[in-house]
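Visitor: I would like to understand how to read the structure shown below. Please guide me through it.
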Amino acid sequence: MLDTLNSPQREAVKYLDGPLLVLAGAGSGKTRVITQKIVYLIEKCGYLPKEIAAITFTNKAAREMQERVGKMLESKSTKGLTIATFHSLGLQMLRQEAALLGYKPQFSILDSSDSFKILADVLATTDKQLLRKTQWQISSWKNAFINPDQAKQLADEELTHAAAKVYQIYQQTLKAYQAVDFDDLIKLPVELFEQHPEALAKWQRKLKYLLIDEYQDTNACQYKLVKMLTGIEGRFTAVGDDDQAIYGWRGADVENLRQLTEDFSRLKVIKLEQNYRSTVRILRAANQVIANNPKLFEKKLWSDLGTGDLIQVSAARDEEHEAEAVVMKLMAHKFEHRTKHLDYAILYRGNYQARVIEQQLRNHKVPYTVSGGQSFFDKAEIKDLVSYLRLIANEDDDPAFIRAATTPKKGIGNTTLERLGEYASLHKISLFAAAFEGEFQRELGNRQLEDLLNFCQYINKIQERAERDPAGEVLTDLLNTIQYEVFLYDSEEPRAAETKWKNVLDFTGWLTKKGEGDDANEERNLLQLTQMISLMSMLEGRENGEPDAVKLSTLHAAKGLEFGHVFLIGVEEGILPHRESVEADKLKPGKIEEERRLMYVGITRAQKSLNISWCKKRKRAGETEICEPSRFLAELPQDDVRHFGGPAADPATSKEHGKERMAQIRAMLGNQNKG
DNA sequence: CACTCCGGGATTTTT
DNA sequence: TCCCGGAGTG
């Protein structure tokens, strides 16, 4: 089984004497190491599947890993094996230990638009900018494991102090709703384990071995959780690549990699440097660019896949010309090499950059898919339905109550809700509970009261059914009762209504299937299903329409993917590196390095050919702006590059800049080591 | 006073 | 593309 691995990979799989960090370069087979190690632990080392947890960041990664392990373990069961995202593992723990934190096990999970609305209430404002900022601030605090009290103490300016107060009220509100937000799914388990060592001991006993994917993306809170679960013996394998850390801006801290060496003095480090993806030239480019960043661990990718084509760097007049040139080149290349559309990717820094490209692709009838887009759960029709489910599971979930009570309209209007809200907050109870209070009922007109009670009583009725009857039946009853299909056709264009209704049916169909236990697990009723849906990935990864299409993607969203031929566009100062990062780097160095890693991620997506382009001019804020080629272009190995149309940056200038920066970095590292 | 329509502008995203 | 803000209309 292990003979298909190269020697460091094999070593990584077999190493069990202590904590292990696998530094896996791009395309070096890190997923293979994780999946093989899971199989090895079960088949060769006598671990039970339920004693192992593999943790990823995205549902997609978890699903892929699940599939691969499933195939390899055919004979033996994978029952009980945990392959989950940080968030769903956190959820699992919270559901089981909810009582210890004063939550009921059916607590709700709020999405970011719910929490946005709560903040709008707390701050009594509609200023979206301020709300977004506050939301971001609170999220950052949670990711750094900072409580409202600590946040208040830390706040150095008035604005942050105000935000800390909002944070506190926000947190109290969530508790009252018996709800948690996404960040809480990681933060609360850590709190739980700090306050209840016996609960921690229980989970440490249960999970005997941990494997963590994309370790460089962990934030402080996630690292804390890992450290707690693996205990002092450090029974874990962390796999990551510091050169691909591109999520610093959302709390991921590469520092966690260094911290690992400090926290676990016995930490073993294995590097995977053989790349199975790209040509020598592409790897030379990647290595040389990233060599400009300070390194904690030296790492150099190599491959035996041949020298390959020269890397092309083209200058375009402006973004329109660039788009045209890229699409032309792509089409010619495809014709010449008899490749498929899906062998090509066009990568860029910001979503909006896709616009011109899309235009060109449409003009030339080239099929394409754009990465990202809103998730299934963000669709209004799904949120409507989910709000009913959330309310059924947890009648204290006020955001769900408001949405369900008002969509479709059922005679419960704003005034009723306002009065209900006033009464509820005065008496510190949920909206649902308030509706049944005699004192409140006397305040309300007969008509309004009747409609309100109809709704609440129906929820009560369906709550009982949800526990007993099959999920499918209950859902059908629900949709019939609220007349959701009629509602859609009343409020939408027929076309839109049709797709929305189809989405609803897709969703319920899929939910019911889950309820019947498609992986031969025990049957689940609607309540149990409801408790997991907000974290389930569905229809995700299923690209709509054309399976053979050119991929358009941001550099961030392209991490983990590979393509035969890659076009990297808009490689200019101000875009890559992004203007904001350049500015931020002046105050607090480090941002440019993250931009460089972004460039590195882009380069290493390519297997056979790499085309880089930049614009000499670009429209911005109504004016035409003169653009400089990105400093990263000068960092490429010029022997492997062929330039088209105009000079790139003067290598000498950029070299000077690089040297200067390296000196700074060395000084910085030196200080760190001393301190 | 509120709603709609149009034009301009844009980091990066998951759960 | 999507979102926001300003102008123009009922």
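Guide: A polar contact is a pair of N or O atoms within 3.5 Å; within protein, one must be able to donate a hydrogen and the other to accept it, and residues adjacent in sequence count only if both atoms are side-chain atoms. This is a predicted model, in which local features need pLDDT of at least 70, side-chain atom pairs count only at pLDDT 80 or more, and totals for chains, interfaces and linings use all residues. Side-chain values use heavy atoms, without hydrogens and water, residues are numbered from 1 along each chain as its sequence is written, and chains are lettered from A and ligands numbered from 1 in the order in which they are written.

Visitor: How far is a base oxygen of DNA strand B from an N or O atom in the side chain of W249?

Guide: H556 also has a side-chain N or O atom facing a base oxygen of DNA strand B, at 3.4 Å. For the side chain of W249, the distance from an N or O atom to a base oxygen is 3.2 Å.

Visitor: Which residues come nearest to DNA strand B?

Guide: A residue is near a strand if one of its heavy atoms lies within 4 Å of it. There are 21 residues around DNA strand B, and those that come nearest are N59, R349, N351, L535 and T554.

Visitor: What percentage of the atoms of DNA strand B within 4 Å of the protein belong to sugar or phosphate?

Guide: One contact of this kind joins a side-chain N or O atom of H578 to a sugar or linking oxygen of DNA strand B, at 3.1 Å. Bases supply the rest of the strand's atoms within 4 Å of the protein, and the share of sugar or phosphate is 51%.
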